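Colleague: Could you take a close look at one helix pair for me and walk me through how the two pack?

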Amino acid sequence: MNPNASLSVPPRRTPGFVLLVLALLGLASAAFLVRRPLMMSAPVCMAGRWHGCFDTFNGVVLMTLVALPLAALVVWALARRRRAAGVTSAWRMSLAEVGMVHGTVPFLWLTMMPGAGAGVVPGRLSLVPLRDLVTMGPLGIAGNLLVLASLGFFAPMRFAALASLPRILALAAGCSVLVETAQYVLWLDRVSSVDDVLVNTTGAVLAALASRRWWHPSSDTSAICRAA
């Protein structure tokens with residue numbers, strides 16, 4: 001008998017399981033921290049009122065969380081349809097598509113939400129790099145990092161042409177510049193800042209690094225080598 005047969009081999013899915021547990025703990029912690037503001041917006045949102053729900057930060061976050069089960073259902077339906085058609089990586093493609101939309105649109109909505117002087121106060125520019133980081137504060141920086149994070153995380157998983165950090169950087173920078181330009185042109189009573197572009201792009205690149213194992217070509221090559 002082999003004396004080493006009783007030694008258990010660590011499962012290869014352990015890192016993914018740990019990542020999933022950490023993500024769930026993070027979501028639970030975030031929900032606990034924002035439970036009171038969200039509950040304040042719940043009656044207005046449940047009544048279907050636009051004012052007080054979709055034009056407030058708390059209302060948009062609440063509706064984004066409420067829509068999570070629907071997003072999961074869409075992922076399941078798309079993946080099932082693709083698997084029936086014989087498409088490879090059906091689940092990954094479906095999750096990437098829904099994740100990009102569900103994780104990016106709410107943040108863009110918040111970014112384009114008009115201020116009190118919208119339509120009256122002309123657009124303002126801040127073109128000096130790193131000057132606005134102090135006024136953003138930790139919460140502001142964290143929020144800007146998340147604006148395009150879902151795009152950076154899922155886009156290279158869905159589109160092979162974007163499976164590159166420089167391309168994700170260029171995509172995120174271009175999208176952020178478009179958002180800041182729209183804020184300035186539409187007179188939304190917001191400051192179009194170069195720091196917003198820098199932080200948004202940084203968030204997308206960091207998210208792409210976090211998902212790199214699922215889209216980088218070397219990952220597929222190493223998997224083929226292990227199978228051989």
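Modeller: Sure: α6 and α9 are oblique to each other, the word for angles that are not under 35 degrees (roughly parallel), over 145 (roughly antiparallel) or 65 to 115 (roughly perpendicular). This is a predicted model, where local features need pLDDT of at least 70 and side-chain atom pairs count only at pLDDT 80 or more, while totals for chains, interfaces and linings use all residues. Residues are numbered from 1 along each chain as its sequence is written, and side-chain values use heavy atoms, with hydrogens and water left out.

The angle between α6 (residues 133-147) and α9 (residues 194-210) is about 40°, and their axes are 8 Å apart. Axes here are lines fitted to C-alpha atoms over the stretch in contact, with angles from 0 to 180 degrees between N-to-C directions. Helices are DSSP runs (H or I, at least four residues), numbered from the N terminus.

Who touches whom? On the α6 side it's Leu133, Met136, Ile141, Asn144, Leu145 and Val147, and α9 brings Asp195, Asp196, Val199, Asn200, Thr202, Gly203 and Ala204. Contact means heavy atoms within 4.5 Å.

Staying on α9, that helix also holds Thr201. Thr201 is buried, at a relative accessible area of 8% (buried is under 20%, exposed over 50%, partly exposed in between, with a 1.4 Å probe and protein chains only). Skipping neighbours within four places in sequence, Thr201 is in contact with Leu169, Ala172 and Ala173.

Note on methods: Helix = DSSP H or I, 4+ residues; strand = E, 2+ residues; numbered from the N terminus.
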